[in-house]
Amino acid sequence: MTNLVQNAIEHGGCHVILRVLQSGFEVEDDGPGIPPKERERVFEPFHRLRPRSTGSGLGLNLVQQIIERHDGRVSILSAPGGGTIVRAEFASR
């Protein structure tokens, strides 16, 4: 969660919402968003939307690995007012 909140803030979000869901959680921001064609690629190791930005490009890849190891999946959606929603959902047991 920390990585997702930090990403939201560092990439232009002025308002960040952490929402707890019945099956997981989501982080929503009001930043510039992630273009639909990039939404799968941002999970690739070392991939960054802005090549000169800070960071190693491993954050979202690590988020995805951790969530998948807990029988979950992570997805990226467009926020209603612009920005991004990163949703982590876990299988019910």
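**Entry 1: the two helices**

I started with how α1 and α2 pass one another, and the crossing is left-handed. I am working from a predicted model here. Helix α1 covers residues 2-10 and helix α2 covers residues 59-69, and their axes come within 10 Å. The crossing angle is roughly 150 degrees. Angles over 145 degrees count as roughly antiparallel, so that is how I noted α1 and α2.

Which residues of α1 and α2 meet? From α1 I listed Asn3, Leu4 and Asn7, and from α2 I listed Gly59, Leu60 and Val63. Sorted by character, the residues of this contact are three nonpolar, three polar and no charged.

**Entry 2: Leu4**

I stayed in helix α1 to look at Leu4. Is Leu4 buried or exposed? Its relative accessible area is 4%, and buried means under 20%, so I put Leu4 down as buried.

Next I looked up the partners of Leu4, skipping residues within four places in sequence. Leu4 is in contact with Leu60 and Val63, both of which I had already met in α2. Phe25, Val27 and Val86 are also in contact with Leu4. I checked one long-range distance too: Leu4 and Gln64 are 60 residues apart along the chain, and their C-alpha atoms are separated by 11 Å.

**Entry 3: Glu26**

I moved on to strand β2, where Glu26 sits. Glu26 has a relative accessible area of 5%, so this residue is buried.

What does the side chain of Glu26 pair with? I found the side chain of Arg19, in a polar contact of 2.6 Å. I also found the side chain of Arg87, in a polar contact of 2.7 Å. Both arginines turn up again in the contact list of Glu26, which leaves out residues up to four places away in sequence. The others I wrote down for Glu26 are Ile17, Leu18, Leu21, Ile85 and Val86. Val86 was familiar, as Leu4 touches it as well.

**Entry 4: Asp29 and Gly31**

Still in strand β2, which spans residues 24-29, I looked at Asp29. Asp29 has 12% relative accessibility and therefore counts as buried. Where does a polar atom of the Asp29 side chain lie 2.8 Å from a backbone nitrogen? I traced that nitrogen to Gly31.

Beyond its neighbours within four places in sequence, Asp29 has contacts that include Ala8, His15, Val16, Ala79 and Thr84. Gly13, Gly82 and Gly83 are also in contact with Asp29, and I found these three glycines again among the contacts of Gly31.

Gly31 itself is in the loop between β2 and α2. Its relative accessible area is 11%, so I marked Gly31 as buried. Gly31 also touches His11 and Gly12. How far apart are the C-alpha atoms of Gly31 and His11? I read 6.6 Å, for two residues that are 20 apart in sequence.

**Entry 5: Asp71**

My last stop was the loop between α2 and β3 (72-78), where I found Asp71. I noted the backbone of Asp71: its phi is near 60 degrees, a positive value in a residue other than glycine. Asp71 has a relative accessible area of 45%, so I entered it as partly exposed.

How values were computed. Residues are numbered from 1 along each chain as its sequence is written. This is a predicted model: local features need pLDDT of at least 70, side-chain atom pairs count only at pLDDT 80 or more; totals for chains, interfaces and linings use all residues. Side-chain values use heavy atoms; hydrogens and water are left out. Axes are lines fitted to C-alpha atoms, for helices over the stretch in contact, and angles run from 0 to 180 degrees between N-to-C directions. Helices (H or I, at least four residues) and strands (E, at least two) are DSSP runs, numbered from the N terminus. Angles under 35 degrees count as roughly parallel, over 145 as roughly antiparallel, 65 to 115 as roughly perpendicular and the rest as oblique. A crossing is left-handed if the near helix is turned anticlockwise from the far one by less than a right angle, and right-handed if clockwise. Contact means heavy atoms within 4.5 Å. Ala, Val, Leu, Ile, Met, Phe, Trp, Tyr, Cys and Pro count as nonpolar, Asp, Glu, Lys and Arg as charged, and the others, Gly among them, as polar. Buried means under 20% relative accessible area, exposed over 50%, partly exposed in between (1.4 Å probe, protein chains only). A polar contact is a pair of N or O atoms within 3.5 Å; within protein, one must be able to donate a hydrogen and the other to accept it, and residues adjacent in sequence count only if both atoms are side-chain atoms.
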